[in-house]
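Please walk me through this two-chain model, from the confidence scores to the way the chains meet.

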Amino acid sequence: MASQTLGAPAKPRFQARLRLRKLLPYIGISTVGLVILLLFLAPLGYMSLTAFKTIIQVRDPHSQWLPSSPVNYTYEGAEYPLLMVPTDDDVRELALVKPGREESDYVDPQNPELGVFTVVGRWRTFDPVYELNPTTDNFPTSWEQVNLGRLFRNTIIIATLGTIGTLLSSVLVAYGFARFRVPGISILFLLLISTIILPRQVTLIPTYIFFRTIGWGGTWLPLIVPHFFANAYNVFLLRQYFRSIPRDLDEAATLDGASPWQVLWHVILPQSIPALIAVGLFHFFFAWNDFFEPLVYLQGREDLYTISIGMTQFNNIFNTQPGLAMAASMMAIALPLIMFFLAQKVFVQGIVVTGVEK
Amino acid sequence: MADKTQKTSGNNIQKRETRWGLLFLSPWLLGFLIFTLLPTLASLAFSFTNYNPLHPDQISFAGFSNYARLFTDPFFRQAIGVTLRFVLISVPFAIIIPLGLALLVNSEHLLGKNIYRTLFFMPSMIPVVVNVMVWRGIMNSETGWLNRMLSFVFGIDGPNWFQDERWVLPALTLMGVWGVGNAMIIMLAGLQNVPTELYDASKVDGATGIQRFRHVTLPIISPIIFYQLVLALIGSFQYFTQAYIVSNGRGDPNGSTMFYNLYLYRTAFNFLDMGYGATLAWVMFVAVLLITIFLFRTQQRWVYYAGGD
């Protein structure tokens, strides 16, 4: 490098600068990244902090970030607000005893024996003293108001049954597509994939009428049963995965007299655990999130509502009570987020397979 | 049993395999028939009727009157207008933001890349309902952080986001930023597939970072951008949940969130005009199909496929 041509004394400093130049992109990009991340996650910060605020704290014109309240000081049996009062040399925390226009009477909580004294200055321009004063009341209140316990139970039942259904059916269908030579199978596969772009509104009205006619309106069945008939994304994901398992293994098993069921059960599935977890999670999240179908099929059956439509009902109450809304939100996202953090690797892999390979 | 198979001809083995294959495919074949093919056709049939579930016996053939109605229906025009405006505002963000994030978390200079990937992805796991609630809180004109930040940093009064018909679509776009996780992951996978030799070669040729992005990265990930574009466009036509929650299902304020799909829902399930609802659904289907075909037609012009496709 160029450093060799330089004199010996300059060398260490030059190297230090070289090291700095190498470090600079790391510092720059990492700082930019951190700022973007903080902005990106700021709403979560808002949610977590607001969840611990009372309605008064939320509406406080002095807008504290943290859930804090103005402090009062009790003097001779009465409560007076503490203010940050600028005096000659510093800012002191004084209790406002008798507010006046240009000057007011205060008492110093540090030396109450000094008694009431007057300070010149408009008290309205002084900031109140705040102390951290979070409330946890929002959690039980919103839990009861929204009936979150029931919503959770309903959603978990629907999601679990649907997950079982989609796993069972998608595994069978994917196995069929991955391992069997059926005449016209490539056309069938194309048909399967093309259902992805079919908007579900196209099938919605006849399907709705069908379910109503067979008496399934106002039940969970329309939200569960269709998932026992496989869906394109999951079949695609599993098929890709099954195809990556060497055929020699199932051929060997077949020669040993294993039936296709046994091959699926003993050869294919044990090697596909990550893909199975991904499919299961996809469906679980889908069910947790699904809005349209519960809205259409559970109309008027409040006792059957899922999280998504149940919480929407309280939208208007929540709009005026951000504390309650955010507490309910925090409780509603806890389970999905925990599941995501536990299984993020298989999850992300699944997205890559369905997204990139088409 | 083993004896038998050895004696039978290859034709029989093939038959057996077909039988097994069809058996395994049967859940989907059945589901496709019951939940896709028949309803799609039935929906087309309904679009020529005046079906109302309250009076199912009064159903009658309506000819093309539902389709003719589209041309005079001011709400239909409004719904198309809202949807197209939203496409124009939001689709660029739906491409640029995940691409930018993918570039960021792919950068060799970012310390703790994996944590960033997880955290940028995480909000897309948050249920849409909660997403809407949190962002409504953030964008509340009085108590929200966004307007407080705007007035603190820039000294401007932020708009009344969700109550203002001019700002509600940008607000929904901003809210959509939390859902870019999937797109980011897919684009990241694309970026990781860019052969490093190409970068090395371009470095030797003295290309700057921007030139490298423009002439190496972009062409190679263009198929993924294309795929995301198709998804984003189709998604706009199906945009529903956020619009429904924000507007209490009415397209408030003043119809500015009456997205196509929301109008369809109202027609079919609030006004129980299911014949016209089916018409709207089919029009959507045809539109989505045409857009997809159009995009696939134009893709040779700007999408680069390695291996000379």
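**Confidence and chain build**

In chain B the mean pLDDT is 88, and 96% of the residues reach 70 or more. This is a predicted model, and its overall scores are ipTM 0.86 and pTM 0.86. For chain A the average pLDDT is 87, with 96% of the residues scoring at least 70.

Each chain has a poorly scored start. Over residues 1–5 of chain B the pLDDT stays under 50, and the model gives this stretch two contacts beyond four places in sequence. In chain A the pLDDT stays under 50 over residues 1–7, a stretch with five contacts beyond four places in sequence.

Chain B is built from 14 helices and has zero strands. Read from the N terminus, its elements run α-α-α-α-α-α-α-α-α-α-α-α-α-α. Its radius of gyration is 25 Å, well over the 19 Å that the globule rule gives for 309 residues, so chain B is more spread out than a compact globule. The C-alpha trace of chain B spans about 70 × 65 × 35 Å along its principal axes. Of its 309 residues, 38% count as buried. Contacts in chain B between residues at least 6 apart in sequence join residues at least 24 apart in 67% of cases.

Chain A has 15 helices and, in addition, seven strands. Its radius of gyration is 32 Å, where a compact globule of 358 residues would have one near 21 Å. Along the principal axes, the C-alpha trace of chain A spans about 100 × 85 × 35 Å. Buried residues account for 38% of the 358 residues in chain A. Of the contacts in chain A between residues at least 6 apart in sequence, 66% join residues at least 24 apart.

**Where the chains meet**

How many residues does each chain bring to the contact? Chain A supplies 78 residues and chain B supplies 73 residues. On the side of chain A that touches chain B, the largest share, 15 residues, comes from helix H15 (residues 322–356) of chain A. By class, the residues on that side of chain A divide into 55 nonpolar, 19 polar and four charged.

One helix pair shows the contact in detail. Two packed helices are described by the angle between their axes and the distance between the axes. Helix H6 (residues 200–213) of chain A packs against helix H2 (residues 10–46) of chain B at an angle of about 85 degrees, and their axes are 7 Å apart. Because angles of 65 to 115 degrees count as roughly perpendicular, H6(A) is roughly perpendicular to H2(B). From H6(A), A:Val202, A:Thr203, A:Ile205, A:Pro206 and A:Thr207 take part; they meet B:Phe35, B:Thr36, B:Pro39, B:Thr40, B:Ala42, B:Ser43 and B:Phe46 in H2(B). The contact of H6(A) with H2(B) has seven nonpolar, five polar and no charged residues.

**A loop residue in chain B**

The last stop is B:Phe271, in the loop between helix H13 (260–270) and helix H14 (274–302) of chain B. Is B:Phe271 buried or exposed? A residue counts as exposed if 12 or fewer other C-beta atoms lie within 10 Å of its own. B:Phe271 has 11 other C-beta atoms within 10 Å, so this residue is exposed. B:Phe271 and B:Ala94 are 177 residues apart along the chain, and their C-alpha atoms are separated by 33 Å.

Notes. Residues are numbered from 1 along each chain as its sequence is written. Chains are lettered from A and ligands numbered from 1 in the order in which they are written. This is a predicted model: local features need pLDDT of at least 70, side-chain atom pairs count only at pLDDT 80 or more; totals for chains, interfaces and linings use all residues. Helices (H or I, at least four residues) and strands (E, at least two) are DSSP runs, numbered from the N terminus. The radius of gyration is taken over C-alpha atoms; the globule rule is 2.2 Å times the number of residues to the power 0.38. A residue is buried if 20 or more other C-beta atoms lie within 10 Å of its own, exposed if 12 or fewer, and partly exposed in between; C-beta atoms are placed from the backbone. Two residues are in contact if their C-beta atoms, placed from the backbone, lie within 7 Å. pLDDT is the predictor's confidence in each residue, from 0 to 100. Ala, Val, Leu, Ile, Met, Phe, Trp, Tyr, Cys and Pro count as nonpolar, Asp, Glu, Lys and Arg as charged, and the others, Gly among them, as polar. Axes are lines fitted to C-alpha atoms, for helices over the stretch in contact, and angles run from 0 to 180 degrees between N-to-C directions. Angles under 35 degrees count as roughly parallel, over 145 as roughly antiparallel, 65 to 115 as roughly perpendicular and the rest as oblique.
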